[in-house]
Amino acid sequence: MYTQALDLPQQNPEGRPPSLAENPAWQAEFDAKIDAGGFIEPKDWMPEAYRKTLVRQISQHAHSEIVGMLPEGNWISRAPTLKRKAILLAKVQDEGGHGLYLYAAAETLGVSRDKLTDALLSGRAKYSSIFNYPTLSWADVGVIGWLVDGAAIMNQIPLCKCSYGPYARAMVRICKEESFHQRQGFDALLQLMQGTEAQREMVQDAVNRWWWPSIMMFGPHDSDSTHTGQNTRWGIKRISNDDLRQKFIDATVKQAEVLGVTLPDPELKWNEQRGHYDFGRIDWEEFWNVVNGHGQCNVDRLAARRKAWDDGAWVREAAMAHADKAARRAQAAA
Amino acid sequence: MTEMAQQTTATSPGHVEYVMRMGDNALILGQRTAEWCGHSPVLEEDMALANMALDLIGQARMLLTHAGRLEGRGRDEDALAFQRNEPAFRNLTLCELPNEDFARTMLRIALFSRFQLLLWERLLSSTDSELAAIAAKSIKEARYHAQHSGDWVVRLGDGTEESHRRAQAALDYLWPYTAEFFIPSAADEAAAEAGVGPLWSTLEADWEAAVRPLLEEAMLSLPAPVPFRSQGKFGRHSEHMGHLLAEMQYLQRIHPGARW
Ligand SMILES: [Fe+2]
Ligand SMILES: [Fe+2]
């Protein structure tokens with residue numbers, strides 16, 4: 001129900017209080033469960049640091065889904081056929097649904113969706129910086145499906161076995177839809193590549209712009225990552241950034257060949273010895289600039305989310321007021 | 001909707017226009033409703049508005065495909081959606097008006113879906129078997145649209161002072177455009193004659209009977225009647241239509257003949 005979803009109660013009443021972190025017996029029980037590859041559920045005791053890490057990760061993920069609606073949403077009104085319009089609209093709607101599942105998973109950890117939304121809108125919370133790049137042509141929609149959803153799948157498949165039950169279950173659902181998105185994106189690009197010269201140029205231009213940001217989605221090199229050790233211990237992170245990135249690149253090079261596009265990296269070549277593709281140096285300065293708010297669209301994306309929230313305030317208030325009045329009327333009638 | 005059931009000859013030019021008009025209503029309102037996706041007051045409404053837009057675009061695809069077949073000039077759904085100019089579109093003006101705010105958006109869907117629902121009910125027994133099949137599929141969607149938008153109209157009308165003021169302003173703005181639904185037309189005459197569908201003018205009483213209780217429950221007052229009659233269904237549109245089409249049709253227009 002809509003009004004409840006806006007602010008859920010904080011704590012499962014049967015759950016053990018998360019503040020009592022220093023209980024060796026509970027800690028041992030928790031560790032044993034993780035070691036055995038079992039799931040931690042909302043009612044289980046968990047270390048406060050584990051809970052906090054999950055809240056951060058799940059909410060960042062949820063925010064990414066929501067902000068991620070904007071760049072592709074930019075093309076719904078201009079989709080070139082009715083079929084493509086319907087596919088794109090359904091895809092952007094799916095991303096909103098992913099946001100909903102993930103906020104719900106975060107809520108099981110005792111934070112409300114309103115609080116998390118506030119963290120996003122105030123700029124305190126992060127979201128995937130890929131969505132701070134602009135969508136400049138119709139081909140961007142296909143390339144986002146192919147590369148961005150593709151990279152997201154690589155990142156997310158290991159999370160289907162993450163140690164926190166509600167998060168893992170949300171990821172199973174989400175991954176199914178993401179792979180559908182990736183196929184649809186690839187299919188849209190195939191169609192464009194069989195089209196006119198102008199359409200093929202559109203695709204190549206989009207690939208040139210999205211390739212490097214896509215491989216940045218896996219995050220800093222393992223040697224530069226914080227958190228990784230503890231998160232691996234907790235079963236939240238199962239495969240390292242660099243391994244995931246390599247896996248993605250190896251899979252994508254072949255798909256680019258099928259499409260007939262050139263990936264914009266002259267150093268990209270098969271390394272027989274490693275059994276992987278070598279690739280060029282990632283521009284981490286650009287990555288950190290965008291993460292820290294200096295991409296082309298950071299300001300606009302956040303402004304769009306704030307506008308939706310602020311402009312919708314009277315609607316949410318009206319729904320609450322009506323629910324209150326209806327409840328009072330029902331009580332008076334009883 | 002088997003091959004067998006597909007009607008491919010129009011009983012008259014009015015028959016084609018009748019189907020095309022319904023397709024245009026669904027397309028243009030779907031286009032408008034989709035503008036909310038990613039910008040709604042609450043995530044659940046992003047989902048619901050996208051759902052309704054998807055239903056409408058789906059209906060538009062079936063109806064325009066069918067209209068194109070009936071017309072027999074080789075135009076498919078995309079040729080009809082992306083290659084016609086303003087005067088060739090036959091949608092009700094109501095469908096093309098800007099969303100403005102959530103109150104106008106929901107009230108428009110409430111008013112239109114109640115009209116569409118009456119049409120779908122009658123069209124279940126259309127002599128045009130394809131149209132009857134489309135009605136059978138679409139009627140469930142229109143019921144959901146009527147329910148969801150109606151719930152919001154009541155919430156907004158009853159909610160806060162501001163939401164009531166906005167809902168009333170939306171009604172004052174939209175109401176004059178609803179008269180267009182019932183203006184008699186030659187296409188209606190031809191379609192009714194052949195048993196394709198009802199005269200839209202005959203739906204007025206039933207529509208009012210569906211709309212009035214909703215507005216009452218929402219505590220909104222019916223605006224006084226005005227002499228103005230919008231003419232979108234005859235191809236004379238508002239200033240908003242050209243902008244809507246310029247945006248919607250741009251890719252097809254700048255890449256003539258390209259496939260997508
Ligand atoms: Fe997603
Ligand atoms: Fe996706």
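**Figure 1. A:His181, a buried donor residue in the predicted model.** In this predicted model, A:His181 has a relative accessibility of 2% and therefore counts as buried, the limit being under 20%. A:His181 supplies its ND1 atom to the iron ion (ligand 2). The other protein donors of this ion are A:Glu95 (OE), A:Asp149 (OD) and A:Glu178 (OE), and the distances of the four from the ion run from 1.9 to 2.3 Å.

**Figure 2. Geometry and sequence spacing at the iron ion (ligand 2).** The four donor atoms form angles of 90 to 144°, and the site is classed as irregular. Along the sequence, the donor residues follow the pattern E-x53-D-x28-E-x2-H. Distant parts of the chain are linked here: A:Glu95 belongs to helix 5 of chain A and A:His181 to helix 8 (residues 165-193) of chain A, with their positions 86 residues apart.

**Figure 3. The site of the iron ion (ligand 1).** Coordination of the iron ion (ligand 1) comes from A:Glu65 (OE), A:Glu95 (OE), A:His98 (ND1) and A:Glu178 (OE), at 1.9 to 2.2 Å. The arrangement is irregular because the four donor atoms subtend angles of 88 to 141°, whereas a tetrahedral assignment would require all angles to lie between 85 and 135 degrees. The spacing of these donors along the chain is E-x29-E-x2-H-x79-E.

**Figure 4. A:Glu95 as the bridge between two iron ions.** The iron ion (ligand 1) and the iron ion (ligand 2) lie 3.6 Å apart and are bridged by A:Glu95. Helix 5 (residues 82-107) of chain A carries both A:Glu95 and A:His98, which are three residues apart, or about one turn of the helix. An α-helix has 3.6 residues a turn, so residues three or four places apart point the same way. A:Glu95 is buried, with 6% relative accessibility, and A:His98 is also buried, with a relative accessible area of 0%.

**Figure 5. Confidence along chain A.** The average pLDDT of chain A is 92, and 93% of the residues score at least 70. Residues 1-16 of chain A, however, have a pLDDT below 50; this stretch makes 27 contacts in the model beyond near neighbours in sequence.

**Figure 6. The surroundings of B:Thr105.** B:Thr105 is part of helix 5 (residues 102-123) of chain B. With a relative accessible area of 2%, B:Thr105 is buried. A polar atom of its side chain lies 2.8 Å from the backbone oxygen of B:Asp101, and the backbone oxygen of B:Asn99 is 3.4 Å from a polar atom of the B:Thr105 side chain. When neighbours within four places in sequence are left aside, B:Thr105 is in contact with B:Trp36, B:Leu49 and B:Asn99.

**Figure 7. Helix 2 of chain B.** Helix 2 (residues 43-71) of chain B comprises 29 residues. From first C-alpha to last, helix 2 of chain B reaches 41 Å, close to the 42 Å expected at 1.5 Å a residue. Most of helix 2 of chain B is covered, with 23 of its 29 residues buried. After helix 2 of chain B comes B:Gly72, which has a positive phi, near 70°.

Note on methods:
Residues are numbered from 1 along each chain as its sequence is written. Chains are lettered from A and ligands numbered from 1 in the order in which they are written. This is a predicted model: local features need pLDDT of at least 70, side-chain atom pairs count only at pLDDT 80 or more; totals for chains, interfaces and linings use all residues. Side-chain values use heavy atoms; hydrogens and water are left out. Helices (H or I, at least four residues) and strands (E, at least two) are DSSP runs, numbered from the N terminus. Buried means under 20% relative accessible area, exposed over 50%, partly exposed in between (1.4 Å probe, protein chains only). A polar contact is a pair of N or O atoms within 3.5 Å; within protein, one must be able to donate a hydrogen and the other to accept it, and residues adjacent in sequence count only if both atoms are side-chain atoms. Contact means heavy atoms within 4.5 Å. The expected span of a helix is 1.5 Å times one less than its number of residues. Donors are N, O and S atoms within 2.8 Å of the metal (3.2 Å for Na, K and Ca); water is not among the atoms, so sites may look incomplete. Four donors count as tetrahedral if all angles lie between 85 and 135 degrees; four count as square planar and six as octahedral if opposite donors are over 155 degrees apart and all others between 65 and 115; anything else is irregular. pLDDT is the predictor's confidence in each residue, from 0 to 100.
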